[in-house]
Amino acid sequence: MLVLASQSPRRSELLRQAGLPFIVRIPGIVESRLSAESPQEYVRRLAVEKARAAVVDPAEFVLAADTVVVAAGEVLEKPISRDDAARMLRLLSGRPHTVLTGVCLLHAGVERAAVEATRVVFAPMTDQEVLAYTACGEPMDKAGAYAIQGRASKFIERIEGCYFNVVGLPVSLVYRLLKAAGYDCCQG
């Protein structure tokens, strides 16, 4: 059985679209970055901690992930307010940034963890566009304050790497980890 250790509706939708049956089990961990921890180390560590916290039966395949956006050396997580979302969008406007997702698959006591990176280039945004986008509410539960698959799609000039990583789960990486762990990927 595949267990998704996440409450993200986007991750659930991506697994459904990939034809991978799963159940959701939400881990209860504190998500905070350690001092001197790189963004890559941070998302990898959180994915591992989430997977460990969600294990009930060692025979399960437990999948966990964590995503952040890195722009101009700053780690952008989910905004805490509309003003914070607007600040993040202004930082992204007209610039490239990197979306990092740490993924961990835990099965039979073996942890397989990796980090996927995707480079995204935002078009310049006017202040009016920033305020209109934050007012729609979409940025509030998204790392970096935007949803590439939503209204923010019009601001994306290009990406280099995995699109699904930017949505929140690098599906191809997950598939490779599942196969390496012996999961029957054809059961869906």
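Me: Which residue takes a positive phi just after H3?
Reply: Helices here are DSSP runs of H or I with at least four residues, numbered from the N terminus. In this predicted model, helix H3 covers residues 82–92. Just after H3, a positive phi of about 70° is taken by Gly94.

Me: Which helix or strand gives the largest share of the largest nonpolar core?
Reply: The largest nonpolar core has 46 residues, and those with the most contacts inside it are Leu2, Leu63, Phe122 and Tyr146. The largest share of this core, 6 residues, comes from helix H3.

Me: Against which helix do the buried residues of H3 pack?
Reply: Buried means under 20% relative accessible area, and in H3 the residues that are buried include Asp84, Met88 and Leu92. Residues three or four places apart in an α-helix point the same way, because there are 3.6 residues a turn. The buried residues of H3 pack against strands E3, E4, E5 and E6, and also against helix H4 (127–135).

Me: Which residue of helix H4 (127–135) is in contact with Tyr146?
Reply: Leaving aside neighbours within four places in sequence, the contacts of Tyr146 include Leu89, Leu92, Phe122 and Tyr133. Helix H4 spans 127–135, and the contact of Tyr146 that falls in this range is Tyr133.

Me: Which element gives the largest share of the lining of the largest pocket?
Reply: The largest pocket holds about 570 Å³ of space. Among its 28 lining residues, the closest to the centre are Ser8, Arg10, Arg11, Lys78 and Asp141. Helix H1, E3 and helix H5 each give two or more residues to this lining. The largest share, 4 residues, comes from E3.

Key. Residues numbered from 1 in each chain as written. Predicted model: local features only at pLDDT ≥ 70, side-chain atom pairs only at ≥ 80, totals over all residues. Heavy atoms only, no water. Core = buried A, V, L, I, M, F, W, Y, C linked by side-chain atoms within 4.5 Å. Buried < 20%, exposed > 50% of the residue type's maximum accessible area, 1.4 Å probe, protein only. Contact = heavy atoms within 4.5 Å. 1 Å grid on protein atoms, 1.4 Å probe; cavity = no way out; pocket = protein on both sides within 12 Å on 5 of 7 lines; lining within 4 Å. Points joined across faces, edges and corners; volume = space filled by probe spheres on them.
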